[in-house]
Amino acid sequence: MGLIRFNEKVLITTPIYYINDVPHIGHAYTTVAADILSRWHRLKGDDVLFLTGLDENSIKTVQAAKKVGIKDIKKYSDMIAEKWKKIWKILNISNDDLIRTTEDRHKKNVKNFFMLIHSKGDIYKGKYEGLYCEGCEAFITKSDLVNGKCPLHEKAPKIISEENYFFKLSKYQDKLLEYIEENPGFIQPESRKSEVISFIKSGLKDISISRPNLEWGIRLPIDENHYFWVWFDALINYLIDEKYWPANLHLIAKDILRFHAVIWPGMLFSAGYKLPKRIFAHGFLTVNGKKMSKSLGNVIDPVILSENYPVDAIRYFLIRDTPFGQDGDFSEKSLRTRLNNELAANIGNFIHRTLTFIWNRFEGTVPEPEKYNEQDKKFEEKIKSISTEVTKELENMRLDKGLEKILEFSSVCNRYFQQKEPWAENKNAETCLFLCANAIRNLAILIEPYLPFSAEKLWKQLNFKSSVHKQDWNSASIIAIKVGHKINKPKILFRQVKDE
Ligand SMILES: [Zn+2]
């Protein structure tokens, strides 16, 4: 067991999302993953700031408001922001803050940050001519295009020629390359890191960070006619609480990697801040093998999904089904299969049969074990060591593997219960139930980051009054339930859902 340092400050962020629409399953994927890591850090005793937010200064906001016939853009933003907040609540997201880039605290931060890099001589005015993709809200190069179109948005870019303010990103090219080399964990996974390195090596250009005459967004403090380019303002959201800087993790999807791993570090170098410790880009989710898009009509709304499946089953599926970092696929059929075979038939089954047995045969009291035989000793070892295994996976961003270990552990528990035959006349039910009850307690802690609703229910069934958040992650490696402990009446945690 490693040395546990308490009250370490930990900042975990999601991207700030555009508010031209409500969240789909892709946003939920990123946010659930960040939630799992934040909850895990809290369980370890760290002082966590889990930050998510909304990118409201985009031209997309203006267009979206117009589309639904709302003239007052701020009013539209307020309305959509409420929806996002509600949805994160439904998915049991434990964010400590949700920053909106229309807030004064953010605008103030952006202006201060800009003045810092301006004072370093890294801002200049120049003429920009180039291709602009409205979907990306970024200038793109010819080499990014596929058949003349942005491959992400399948739209031809606009040709723009205007006077802009520029940030001297090129100045930081060598420093950034050096930094990436010296900090191997900075950009993950490996494949993404190589992508960034070759992009930087191809030569960084200075970037335009302002747009003239937008009428929506944050004005440049040095020129009233210019507004900040939305990405420049958005990235600065991560600095909202400098006590927690540098961030431990920026969790993003792979399409916005360059903004985070190239532009943002350049900005931070210039302003004199440390760089985030880790930028992790996960893959995309398709739906039934197809790209999710409005035109295909296959966008998955997590709220509608949560009306048909337990939220924990959705969270479970999202993380369990795809090696974290790679592309994955969403299908309701696979979700049901995992819910039925893994949550209900494996984890739920073990918990329910054990607790029911204790409830019915021992009046809800954890019995006293007899002397352990080899099989019991081996099982006790597993109960104590499983948390170290899960910890290793979480430390290395293998969120899916962490769940896999938990599931394997549950299989071991089921097998042990089955082989011990506590129902048989001549078998030692007491030892079996004592150890299984302890296995369940440790499971309750291990599943908490992933399945917080279920962990809470389980905690009640085990009759522990204090919230699971106060349980030290470390205590998932001990035999903590004492002989004579009274449990509450067991209830089924996960119900199977029939195929349609
Ligand atoms: Zn694009």
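Me: To begin with helix α10 (residues 311–320), how many of its residues are buried?

Reply: A residue counts as buried when its relative accessible area is under 20%. In this predicted model, ten of the ten residues of helix α10 are buried, so the helix is largely enclosed by the rest of the structure. Among them are the charged-name positions Asp-312, Arg-315 and Arg-320, together with Val-311, Ala-313, Ile-314, Tyr-316, Phe-317, Leu-318 and Ile-319.

Me: Which residues of helix α15 (residues 452–461) are buried?

Reply: In α15, the buried residues are Pro-452, Ser-454, Ala-455, Leu-458, Trp-459 and Gln-461. Their cover includes α10 itself, as well as α1 (25–43), α11 (332–361) and α14 (429–447). After α15 comes Asn-463, which has a positive phi, near 65°.

Me: How should one read the overall fold, and how many helices and strands are there in the protein?

Reply: The protein contains 15 helices and 15 strands. Its radius of gyration is 26 Å, close to the 23 Å that the globule rule gives for 500 residues, so the protein is as compact as a globular protein of that length. Along the principal axes, the C-alpha atoms fill a box of roughly 90 × 50 × 40 Å. Of the 500 residues, 56% count as buried. The accessible surface comes to about 22,500 Å², and carbon and sulfur atoms hold 50% of that area.

Me: What share of the contacts in the protein with a separation of 6 or more comes from residues 24 or more positions apart?

Reply: Such residues account for 78% of those contacts. Asn-248 offers a local case: this residue is found in the loop between α7 (230–235) and β12 (249–253). Leaving aside residues up to four places away in sequence, Asn-248 touches Lys-9, Val-10, Leu-11, Lys-277 and Arg-278. Its relative accessibility is 15%, so Asn-248 counts as buried.

Me: Which protein atoms are the donors of the zinc ion?

Reply: The donors are the SG atoms of Cys-133, Cys-136 and Cys-150 and the ND1 atom of His-153, lying 2.1 to 2.3 Å from the zinc ion. Along the chain, the donors follow the spacing C-x2-C-x13-C-x2-H.

Me: What geometry does the site of the zinc ion have?

Reply: The ideal angle for four tetrahedral donors is 109.5 degrees. Here the angles among the four donor atoms are 102 to 116°, and the site is tetrahedral.

Me: Are Cys-133 and Cys-136 buried or exposed?

Reply: Cys-133 has 2% relative accessibility and therefore counts as buried. Cys-136, at 14%, also counts as buried.

Me: How does one read a sheet, and what is the order of the open sheet of four strands?

Reply: Strands of a sheet pair through backbone hydrogen bonds, either parallel or antiparallel. The open sheet of four strands has the order β5-β4-β6-β8, and its pairing is antiparallel. Strands β5 (138–140) and β8 (207–208) are the edge strands, each pairing on one side only. Two bridges join β6 (residues 158–167) to β8 in the antiparallel sense, and Phe-167 stands opposite Ile-207 in β8.

Me: Where is a parallel case, and how many bridges join strand β2 to β3?

Reply: Strands β2 (residues 47–55) and β3 run parallel and are joined by four bridges. Gly-53 stands opposite Ile-99 in β3. From strand β3 (residues 97–100), Asp-97 and Ile-99 point one way, whereas Leu-98 and Arg-100 point the other way; all are buried.

Methods:
Residues numbered from 1 in each chain as written. Predicted model: local features only at pLDDT ≥ 70, side-chain atom pairs only at ≥ 80, totals over all residues. Heavy atoms only, no water. Donors = N, O, S within 2.8 Å, 3.2 Å for Na, K, Ca; no water. Tetrahedral: all angles 85-135°; square planar, octahedral: opposite > 155°, others 65-115°. Buried < 20%, exposed > 50% of the residue type's maximum accessible area, 1.4 Å probe, protein only. Rg over C-alpha atoms; globule rule 2.2 N^0.38 Å. Contact = heavy atoms within 4.5 Å. Areas by Shrake-Rupley, 256 points an atom, 1.4 Å probe, with all protein chains shown as cover. Pairing = 2+ DSSP bridges.
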